[in-house]
Amino acid sequence: MGAGKRGVLTAAVTVVCAVTVLAVPGTAFAAPTPPPDPGATASPDPGATASVTVVTSDVELEAVRKKLEKLYRAAAKATDEYNAAEEKARQQTAQVVRLAKKIVEGREKLDDLKNRAGAAAAAQYRGGGLPPEARLVLSDDPQDFLDGAGRVRQEQHATKGLLGEMTRTQRDLEEYAEDAREQLRKLEAGRKVKAAAQKRIERQIEAAEKLEAELEQEEKERLARLERQAAARAQATWLSSGVLDEVTSKATAQGRKAVAYATAQIGKPYQWGAEGPNTFDCSGLTSQAWLAAGKTIPRTSQMQWQHLKRVDVKDMRPGDLIIYWADASHVGMYVGDGVMVHAPRPGRTVTLAGAGSMPILGVVRPDPAAE
């Protein structure tokens, strides 16, 4: 996007931040009454008979927000482990299938070789049980002797070749079988890793949902406002650093297709381990978006960070992937003008957000060759 649009966006984000801050009770811009102490309770209406309702302060809600963020981040990390194990299982299963096919073909070939060897032995038996060399020596006709000598050499070569091919085929079968056993062992180990990751995901999400369920509706609304406020502050700080001042790169044809796919999913629910078409997790969205653009990339955010080409933020272009947090546990797709699209977390939907609304680890490019 151009510098003018970027300036408009920066101003808009700043205004949003200011409005959000002004709307928060207990800030320097609120009425000059002291904020309630943590754990304070509202004064009951003298005429009311209902029980006293506990009022959660913004300080306490901020602690809840940070705890939820920690729980969902732990779930995201476990989701990456689950997805990585799932991807390996797919690859190993495909390898087992290929090996099984080779084993079947090898057995068929070995059976054919054995049949040919049996036919040669039967022919020798029908010749009186004498080997070809002996029958050749007993020949009285010189021409038969010469013709037979050639045939004997051919038969000897054919026999040696047959025996050698049988030996090689048997050896290949043994190697295929051992490879298949090794892949099956890996599959079993991967199954255990995946099951352990699934338990961690479910445990973290259950704890987060229980924590949110304990809040009243008004508290949930204030918590959501605090989340938006924190994201807006981070985005405003990121933009004010001038990080986008030099970003002028335009999307490639594939990048535009990837962005179009990702933004078309806006509003669809987050689901850990999902790759669409109706639900997504963060890396499921980015990997499927690039697959729709004709490019296969690694399945998880950590593998995307490890294996895709890294570029400076100032050089990023729409379609590039922004990797978040020090453990690379989250990923979004840059769409331009300081904005990215991502699948945030359980309980949320695919949405647009400020590219700097979370701590950025780095940027990776799925289509470096397009340069």
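This briefing describes contacts that involve aromatic rings. The structure is a predicted model. Two aromatic pairs are present in the structure. In addition, R73 lies over the face of W325, and R310 lies over the face of W305.

**The pair Y82 and W272**

- The ring centres of Y82 and W272 are 5.0 Å apart and the ring planes stand at 90°, so this pair is edge-to-face. The cut-off for that label is an angle over 60 degrees.
- Y82 belongs to helix α2 (residues 58-126), whereas W272 is in the loop between α6 (253-264) and α7 (282-292).
- The pair therefore ties together parts that are 190 residues apart in sequence.
- Y82 and W272 are both buried.

**The pair Y261 and F280**

- Y261 and F280 also form an edge-to-face pair, because their planes are at 85° and their ring centres are 6.5 Å apart.
- Y261 is located in helix α6, and F280 in the loop between α6 and α7, so the parts tied together by this pair are 19 residues apart in sequence.
- Y261 has a relative accessibility of 22% and therefore counts as partly exposed. The buried class requires a value under 20%.
- F280, with a relative accessibility of 0%, counts as buried.

**Arginines over tryptophan rings**

- R73 is positioned over the face of W325, at 3.9 Å from the ring centre.
- R310 is positioned over the face of W305, at 3.7 Å from the ring centre.

Notes:
Residues numbered from 1 in each chain as written. Predicted model: local features only at pLDDT ≥ 70, side-chain atom pairs only at ≥ 80, totals over all residues. Heavy atoms only, no water. Phe/Tyr/Trp six-rings, centres within 6.5 Å; stacked < 30°, edge-to-face > 60°. Helix = DSSP H or I, 4+ residues; strand = E, 2+ residues; numbered from the N terminus. Buried < 20%, exposed > 50% of the residue type's maximum accessible area, 1.4 Å probe, protein only. Lys NZ or Arg CZ within 6 Å of the ring centre and 35° of its normal.
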